[in-house]
Amino acid sequence: MMSPSLRKLVLLTHIITAIGWPGAVAAFLALAVTGLTGSNARIVCAAYLAMEPITWYIIVPLAFGSLLTGLVLSLGTKWGLFRHYWVLAKLLINALSIILLLLHTRVIADVATAAAKTTLNGTDLRGQRVQLVAIAIAALLALLVATILSVYKPRGMTPFGGPKKILDTVGK
Amino acid sequence: MTQFPSTRNFAGVTIFITMTLNNKQQTPRWVKVSGVITIILILGLVILHLTGHNFHHR
């Protein structure tokens, strides 16, 4: 178990990263929508060019920071990693979001490269540009669910953290 | 159902644990609903990709 001061420090870092992550994704979504619907070619290109640094320097570090601090917090406190369904659900949302994020960095790079080379009109790379909006909305919804789980902490213990496990622990 | 006798006495804790153990442990409804929604979403995405309705057409 962690000391109270260390636990607070890790909790603070976890809150900052876990709340900063959807904030950064919301900014990404604004750029993706601007790029898809904008009529000014220079603004459209600027939006797509800004996506890559935002992804690599803000979203990816916040995502990994949230995952790591979440792991430390759960393993270092009474909550555990597999004891409560809400902790497990948050872990799955976090891990899946990171996997999807890393899978889609190629699409982000492709659109940014195209925007740097030429002026994108309404139909250029339309599929990828729609995909950027779609993944940003999906990520935002998933992270919203994770935040709701953190606040409400719905009841329910997994077979790994049920009362039998507690009895075993108490008996030791 | 298996009955768990209170073999350890820790001022009320044993009573609570024994009562909880003797109740049937069920998966909460919110976990079941979330699981079903997740499976539907994944199936939907797989079907979209298999039928060629993905985002990569230009």
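Which residues touch the most other members of the largest nonpolar core? The legends below begin there.

**View 1. The largest nonpolar core of this predicted model has 32 residues.** Look here for A:Trp21, A:Tyr48, A:Met51, A:Ile59, A:Leu120 and A:Leu132, which touch the most other members of the core. Helices H1 (4–37), H2 (41–76), H3 (85–117) and H4 (126–152) of chain A are the elements that give two or more residues each to this core. H2(A) gives the most, with 11 residues. As general background, nonpolar side chains tend to be buried together in soluble globular proteins.

**View 2. Here we zoom in on A:Leu132, one of the residues that touch the most other core members.** Not counting residues up to four places away in sequence, A:Leu132 touches A:Phe28, A:Ala32, A:Tyr48, A:Met51, A:Val107, A:Ile108 and A:Val111. A:Tyr48 and A:Met51 may look familiar, as they were also named in the first view.

**View 3. A second, separate core is made of six residues.** Among them are A:Val87, A:Ile93, A:Ala146 and A:Leu149.

**View 4. A:Trp79 and A:Trp86 form an edge-to-face pair.** A search of the whole structure finds two aromatic pairs over all chains. In the pair shown here, the ring centres of A:Trp79 and A:Trp86 are 5.3 Å apart and the planes meet at 75°, so the pair counts as edge-to-face, a label given to angles over 60 degrees. A:Trp86 is buried, because its relative accessible area of 9% is under 20%. A:Trp79 has a relative accessibility of 27%, so it counts as partly exposed. A:Trp79 has another partner to look for: the charged end of A:Lys78 sits over its ring, 4.0 Å from the ring centre.

**View 5. A:His104 lies in helix H3 of chain A.** Is this residue buried or exposed? A:His104 counts as buried, because its relative accessibility of 13% is under the 20% limit. The side chains of A:His104 and A:Gln131 are joined by a polar contact of 3.1 Å. Leaving aside residues up to four places away in sequence, A:His104 touches A:Gln131 and A:Ile135.

**View 6. Confidence varies along chain A, from lowest in helix H5 to highest in H1(A).** The average pLDDT of chain A is 91, and 93% of the residues score at least 70. Helix H5 (residues 163–171) has a mean of 56, while H1(A) reaches 96. Where pLDDT is low, the predicted coordinates should not be read in detail.

Terms used
Residues are numbered from 1 along each chain as its sequence is written. Chains are lettered from A and ligands numbered from 1 in the order in which they are written. This is a predicted model: local features need pLDDT of at least 70, side-chain atom pairs count only at pLDDT 80 or more; totals for chains, interfaces and linings use all residues. Side-chain values use heavy atoms; hydrogens and water are left out. A nonpolar core is a set of buried Ala, Val, Leu, Ile, Met, Phe, Trp, Tyr and Cys residues joined through side-chain atoms within 4.5 Å. Buried means under 20% relative accessible area, exposed over 50%, partly exposed in between (1.4 Å probe, protein chains only). Helices (H or I, at least four residues) and strands (E, at least two) are DSSP runs, numbered from the N terminus. Contact means heavy atoms within 4.5 Å. Rings of Phe, Tyr and Trp (its six-membered ring) pair if their centres lie within 6.5 Å; planes under 30 degrees apart count as stacked, over 60 as edge-to-face and the rest as tilted. A charge sits over a ring if NZ of Lys or CZ of Arg is within 6 Å of the ring centre and within 35 degrees of the ring normal. A polar contact is a pair of N or O atoms within 3.5 Å; within protein, one must be able to donate a hydrogen and the other to accept it, and residues adjacent in sequence count only if both atoms are side-chain atoms. pLDDT is the predictor's confidence in each residue, from 0 to 100.
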